[in-house]
Every structure is written in C-alpha cells, then in structure tokens.
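Have the coordinates open as you read. The walk goes from the packed interior to the aromatic rings, and then to the charges beside them.

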Amino acid sequence: MYEKYFSLTAEPFRMSPSIRFSFQHQSYKKIKSHVQYALFKSEGIVLITGRPGTGKTSLVDEITYKLAKSRIAVTKVSCDGLDSENLLQATLHALGVQEPGGNKATMLRNLEKRLSETRADGRLSVLMFDEAQTLTDDALEQIRIMTNYQSGGQPLVQVFLVGQSELRERVLTPAFEQLHQRILTSCHLEPLSQEETRGYIHHRLAAVGWKEGNPELAEELFPMIHSISQGIPRWINLICSRLLLHGMAEDSRHLSLHDLNAVLLDLREENLLPVATLGAQSRESGVAVRALEARSAD
C-alpha cells in the first residue's frame, strides 16, 4: 500500500516469514554455525529455541533452502500438538509416503524403510520438527526412538527440534533425560540489540530498493522502536509498517519521534502494542509507554 508512496519495490515489513529478508545478526549467525557443525556430525538432535517472533521459522526456511541442492534430504514437519501416531503419519506424508499404514507398527516400518532408501542413495535424512513445544510427551519420545535407526553403522536420520523457549525447559526435565542425552547442540535465538534493531530496519528497507531519504528515518526512532519491541522482529515489523503507513497518510517522507509517538498511541488504543503482550517482562517498554502517554496529555 505505502510502498508506492515511498518508491519501494515491495512491502518491507510483512509479518509472514521470508528468507528474502533474513537478517544475519549475531545470534542468527551463531546458530547457523552450530547447525553447520551438527550437519558435519550427521547424527543426534539439534535443539533450536526462541521467543515467539524472533525469526525461528525464517531461520529454518533458510537452512532448508540452502540444503535443497546438497546431499542432505531435509523434510520439515509441522507439529501442532501431535501425539506419537499422528506425528508418524505427518512425518511419512512429509516424506512423500502416500499410504503410511493403518497402525503404528506399520508406520514405523515404512518410516525406517524410507529413511534407509535415502541413506542407500548416499544422502542423510534431516527431519525438522517445527513448533515442537506443542508435541505430546509420547511424540517427543517417538522422536528420540527415530534417532536409533541405523544402517551399516550409520545413522539414518538427524533431527531438528524447533520451538519456543519452554521446549528447552521441558527437555531438561528428568522425564526426558534420554532425549536430552541425544542433543548434539542446543541454540537459543536471542532478540535483537538496539544497534541490531537499527540494522534490521535498514536491511529490510534496502531489500526493497530503499533510497535513503525516502523515507528518511530520524536517528532517535531506533532506540524507541527497540525499547517498545524488545528487539523482537515481528513487533519491529508491526511498528515500522504502521509508521510508514502513517507517513503516507500525513504526506511526510521524514519520519520523526513525533510520528512514532502517534503510531504507538494508536497501537495502544487498538491493544496491539507489544508491551500489552509482553506484560511484566517488559519493564523498560512500560516506562516508554508511560512517557508517551505523558507527552500525549501535554
């Protein structure tokens, strides 16, 4: 909508994940190096966690995209609260098995057969289970059992468990000690720092043909955006998208703290401001919002 006003080739702050906009910040690069190490080892479980909106899906999509032409067969499985049997069925469907079998024993045989065929072709199967924090206990145990599959002394599959922060806490409980012992590397995707927030915004604008000055972003915007968003990319996208929309509505290509204040007050009235979602975790944001309210009352 506003991209034409600012002569951009596309909307830079879409909420949906896209590897086109992947931003290589410090935590992101660290996880990629851990992933490279894990893929070299070709075994065990890789645990990737992070708060909602930090970019886990974008990270997984980028890894999958870059491995598409390699000798590693990557399959992504969306978990969404699956139990062990539904997980097996979803995994087989993701692997292209059209008739996975009617019972658990048959599905396990079909899974091992498909993984063995891939290994016989000289490729390692990598199964990426996204939103893994929603899996039932028996489904997580089933994933551990999958890592037992071998052929000729070589593992048939490597597993990536991707989920929100509580997944890491869950795996550390005594009930999942055996699963914990299979984890080769554990990574946590951190929110952006203040400087990374600035770089992230510029990166996404540059990806759609931004010419500096259209829009012109005042330097004082970035500390406030970081404070309110807490460095979560999804919240940054929401705030920046509304800021550009505000600029178009006001016929202004220079966006200042005054414009950001107006946007944040609108978002607060709509119950969309990140501080309302982050609650007590966001003390600094709460201070910023109270400052906004004081300014709006003047």
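Which residues have the most contacts inside the largest nonpolar core? This is a predicted model, and in it that core has 32 residues. I201, L205, L221, I225, L260 and L264 have the most contacts inside the core. Four helices each supply at least two of its residues: α8 (194-206), α9 (221-229), α10 (233-249) and α11 (257-269). In soluble globular proteins, nonpolar side chains tend to be buried together.

Take L205 from that list. Setting aside residues up to four places away in sequence, L205 touches L8, P12, F13, W210, L217 and L244.

There is also a second, separate core. It holds 31 residues, among them L95, L127, L156 and F176. L95 and L127 come up again in the surroundings of T75. That threonine is found in strand β2, which covers residues 72-78. Is T75 buried or exposed? T75 has a relative accessibility of 11%, and the cut-off for buried is under 20%, so T75 counts as buried. Beyond its neighbours within four places in sequence, T75 is in contact with A94, L95, V126, L127 and M128.

Now the aromatic rings. How many aromatic pairs are there? The count comes to 2. A pair of aromatic rings is described by the distance of the centres and the angle of the planes. Y5 and F6 make one pair. Their ring centres are 4.8 Å apart and their planes meet at 85°, so the pair is edge-to-face; planes over 60 degrees apart fall in that class. Y5 and F6 are both buried.

F23 and Y200 form an aromatic pair too. Centre to centre, the distance is 5.8 Å. The angle between the planes is 80°, and this pair is edge-to-face. It links distant parts of the chain. F23 sits in the segment before α1 (26-41), while Y200 belongs to helix α8, and 177 residues separate them. F23 has a relative accessible area of 17% and is buried. Y200, at 5% relative accessibility, counts as buried too. Helix α8 also supplies at least two residues of the largest core.

Last, the charges over rings. Where does R253 lie? R253 lies over the face of Y5, at 4.0 Å from the ring centre. Y5 is thus a ring to inspect twice: its ring pairs with F6, and its face has R253 over it. R204 lies over the face of F21, with 4.3 Å to the ring centre.

Conventions
Residues numbered from 1 in each chain as written. Predicted model: local features only at pLDDT ≥ 70, side-chain atom pairs only at ≥ 80, totals over all residues. Heavy atoms only, no water. Buried < 20%, exposed > 50% of the residue type's maximum accessible area, 1.4 Å probe, protein only. Contact = heavy atoms within 4.5 Å. Core = buried A, V, L, I, M, F, W, Y, C linked by side-chain atoms within 4.5 Å. Phe/Tyr/Trp six-rings, centres within 6.5 Å; stacked < 30°, edge-to-face > 60°. Lys NZ or Arg CZ within 6 Å of the ring centre and 35° of its normal.
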